[in-house]
Amino acid sequence: MPHDHSHSHLDPKSGDRRVSIAIWANALLTVAQIVGGIFAGSLALIADALHNFSDMASLVIAFVARKIARRPADSTMTFGYGRIEIVAALINYTTLILVGFYLIYEGGMRMIDPPEVRGWTVVILGGIALVIDALTAGLTYSMQKGSVNIRALFLHNLSDALASVAVIIGGTLILLYDLRWVDPAITIGIALYILYLALTEIGGPIRTLMLGSPPDIDSDAVVQAIRDTDGVRDVHHVHLWQMQEHEVALDCHVVLTDQGWARIEIVKADIKNRLKDGFGISHSSLEFEHEEHAHQNAELYGHG
C-alpha cells in the first residue's frame, strides 16, 4: 500500500516567531494561574497551570529542537540532530505522568477536607486561560500539518481549552452553590486527562528511540516488495527504523539469482524505486549476495 510522506512547509523564521509568541503567552498564563491559584485557594487553577507549564516546556523544546535539527550531520552525529525532539518529548511525557499522579494525590486530600475557594478569581483566570489556549492553538494550526511534534502541541492546547472550560464551570458552581468539593474533583479530572494524554503518546518516542519500525509501514509488505523484484531470490537481515520524524531508513541483505547478479545495478535501482514510491523509504542500504554464496539460515529481521 503506498504511503504519502509529503509534508507542508512553513518558512522557518515565521514558524519560529509563532512558537516564540506561544511560549511567552503560556509562560505569562502559567505564572498568573499559579499566583491566582494560591490566592484563591484553588488547586484546579494550579493543576491547569502545571498543565500549561508542561505545554510551555513542550513549546520551548520544539523551538530549540527546530533550530538544532537544522544542523547538518557531522562526524559525531552521522544521522544528524533531528532526534533531539524525540529525547525531549520522552522527558516531557515522563514529567507529565509524575505531575498527573501528584495532582491526583493532592486532589484526593482536598476532597476529604475541601478548603475555601475564591470563585471569582477562578472564573476570571479560567477565562484568560481559555483565550490564550485558543490563541496558541491558532498560532500552531498551520504548522501542525508538517510536524508530529507541533501537532501534539496543537492538540494539547485544544485539550487545555477544554480544561479551562472545566475550571470556569467549577468556579461558577462555587460562586452559586458554594460547592467546595468541585475544585478538587475538577483537579482530579484534569490530572486523569493529563495521564491519558501522556500515557497514550509516550509510546511513540519510546518506539523511535528503540529503533522500532515506523507504525504506519508494514514491514512484511516491505520485505515482500523486495522479494517480488525481478532477479531477487530472497532477503534477510532486515533493519527498518525511524531515523528522524520524517525520515525512514532500511538496510538489508538481498540474495540475487544468476540473472539478477548479472544486472545488479538495475536490480538495485528497481528495489530503491519500489521502496521510495511504495513506502516513502528514501534512505536504504542494500548488501547483495549471490544465491550460491548466501548466508544460510539467516534471520529475516535483525542481524542474528
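Buried here means under 20% relative accessible area, exposed means over 50%, and partly exposed is whatever falls in between. Everything below comes from a predicted model.

**Close-up 1. Trp241 and Phe79 meet edge-to-face.** With a relative accessible area of 13%, Trp241 falls under the 20% cut-off, so this residue counts as buried. Phe79 comes out at 47%, which makes this ring partly exposed. The ring centres sit 6.3 Å apart, and the planes are at 85 degrees to each other. Trp241 belongs to strand E1 (residues 232-244), while Phe79 is in the loop between helix H2 (43-68) and helix H3 (84-112), so the contact ties together parts 162 residues apart in sequence. It is one of two aromatic pairs in the model.

**Close-up 2. Tyr193 and Tyr196 stack.** Here the centre-to-centre distance is 6.2 Å, with 25 degrees between the planes. Both tyrosines ride on helix H6 (residues 182-201), three residues apart, so about one helical turn separates them. Tyr193 is partly exposed, at 33% relative accessibility.

**Close-up 3. Arg71 sits over a ring.** The ring in question is that of Tyr81, and Arg71 lies over its face at 4.3 Å from the ring centre.

**Close-up 4. A nonpolar patch shows on the surface.** Its members are Trp120, Ile124, Ile128, Leu175, Leu176 and Tyr177, and together they offer about 690 Å² of accessible area. Helix H4 (119-141) and helix H5 (148-177) each chip in at least two residues. Take Leu175, which is found in helix H5: at 36% relative accessibility, Leu175 is partly exposed.

Key. Residues numbered from 1 in each chain as written. Predicted model: local features only at pLDDT ≥ 70, side-chain atom pairs only at ≥ 80, totals over all residues. Heavy atoms only, no water. Phe/Tyr/Trp six-rings, centres within 6.5 Å; stacked < 30°, edge-to-face > 60°. Helix = DSSP H or I, 4+ residues; strand = E, 2+ residues; numbered from the N terminus. Buried < 20%, exposed > 50% of the residue type's maximum accessible area, 1.4 Å probe, protein only. Lys NZ or Arg CZ within 6 Å of the ring centre and 35° of its normal. Patch = residues over 30% accessible without salt bridge, like charges linked within 9 Å, V, L, I, M, F, W, Y side chains within 5 Å. Areas by Shrake-Rupley, 256 points an atom, 1.4 Å probe, with all protein chains shown as cover. Salt bridge = Lys/Arg side-chain N within 4 Å of Asp/Glu carboxyl O.
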